[in-house]
Amino acid sequence: MTGITLYIPTLETERLRLRAPIAADFEAYAAFRGSERARVLGGPYDRVDAFEQMSALVGHWALRGYGRWMVADRATDEPLGVVGLFFPEDWPEPEIGWSVFEAAEGRGVAYEAALATRAYAYDKLGWRTVVSLIAPSNTRSAALAKRMGARIDGQFSHSQYGPLDIWRHVAPAEVPA
């Protein structure tokens, strides 16, 4: 028998664990994807779509060798959001994407996890650049990208999501130590 061996690394920060999604995360994930908070991601979605989307988180790792992690509280393992590297077929280039669940809002979870993701892309994968694609109306995500040192570097028009600002993250040499 042949098969796929899938490796999804675990990253840890002071408060967070970025890890592979597990079945126990589904209720929190489905609640997020079914909420108005998912509107900037094309939602809200029903549970069937949410399950397919959560499955795609794992599949992205198999197809690209990198992907998005479930972000969990280090102490409790409570799922807090999804952050990581994303490069679907209709994207112009790989991006750092983030979504936090309602319980994590306003706690700096997205920032902490996105910094760890950027460090992984630059230090472990050897990337020289990465972007975040953000809807102009998504002011909170734009503020986060700006806080990370990213700058607007054009716009991309997506067939489903419409115009998205391309936020280019600082180059590895410019990342503060």
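Let's start with Trp-98 in this predicted model. Setting aside residues up to four places away in sequence, Trp-98 touches Val-82, Val-83, Ala-110, Ala-114, Ser-132, Ile-134, Ser-141, Leu-144, Ala-145, Met-148 and His-169. Try finding a few of those on the screen.

So where does Trp-98 fit in the wider picture? The largest nonpolar core has 41 residues, and Trp-98 is one of the three that touch the most other members, along with Leu-18 and Leu-85. Several elements give two or more residues to this core, among them strand 2 (16–19), strand 5 (95–100), strand 6 (131–134) and helix 4 (139–147). Which element gives the largest share of this core? That is helix 3, with eight residues. There is also a second, separate core of 10 residues, including Ala-30, Phe-32, Ala-50 and Leu-57. As a general point, nonpolar side chains in soluble globular proteins tend to be buried together.

Now, the pockets. The largest one has a volume of about 1200 Å³. Trp-98 turns up again here: of the 47 lining residues, the closest to the centre are Val-40, Leu-41, Gly-97, Trp-98 and Ser-99. Helix 1 (26–33) and helix 2 (47–64) are among the elements that give two or more residues to this lining. By class, the lining has 26 nonpolar, 11 polar and 10 charged residues.

One last stop, Asp-77. You'll find Asp-77 in the loop between strand 3 (68–73) and strand 4 (79–86). Its phi is near 65°, a positive value in a residue other than glycine. Is Asp-77 buried, exposed or partly exposed? Its relative accessible area is 30%, so Asp-77 counts as partly exposed. Thanks, everyone!

Conventions. Residues numbered from 1 in each chain as written. Predicted model: local features only at pLDDT ≥ 70, side-chain atom pairs only at ≥ 80, totals over all residues. Heavy atoms only, no water. Helix = DSSP H or I, 4+ residues; strand = E, 2+ residues; numbered from the N terminus. Buried < 20%, exposed > 50% of the residue type's maximum accessible area, 1.4 Å probe, protein only. Core = buried A, V, L, I, M, F, W, Y, C linked by side-chain atoms within 4.5 Å. Contact = heavy atoms within 4.5 Å. 1 Å grid on protein atoms, 1.4 Å probe; cavity = no way out; pocket = protein on both sides within 12 Å on 5 of 7 lines; lining within 4 Å. Points joined across faces, edges and corners; volume = space filled by probe spheres on them. Nonpolar A, V, L, I, M, F, W, Y, C, P; charged D, E, K, R; others polar.
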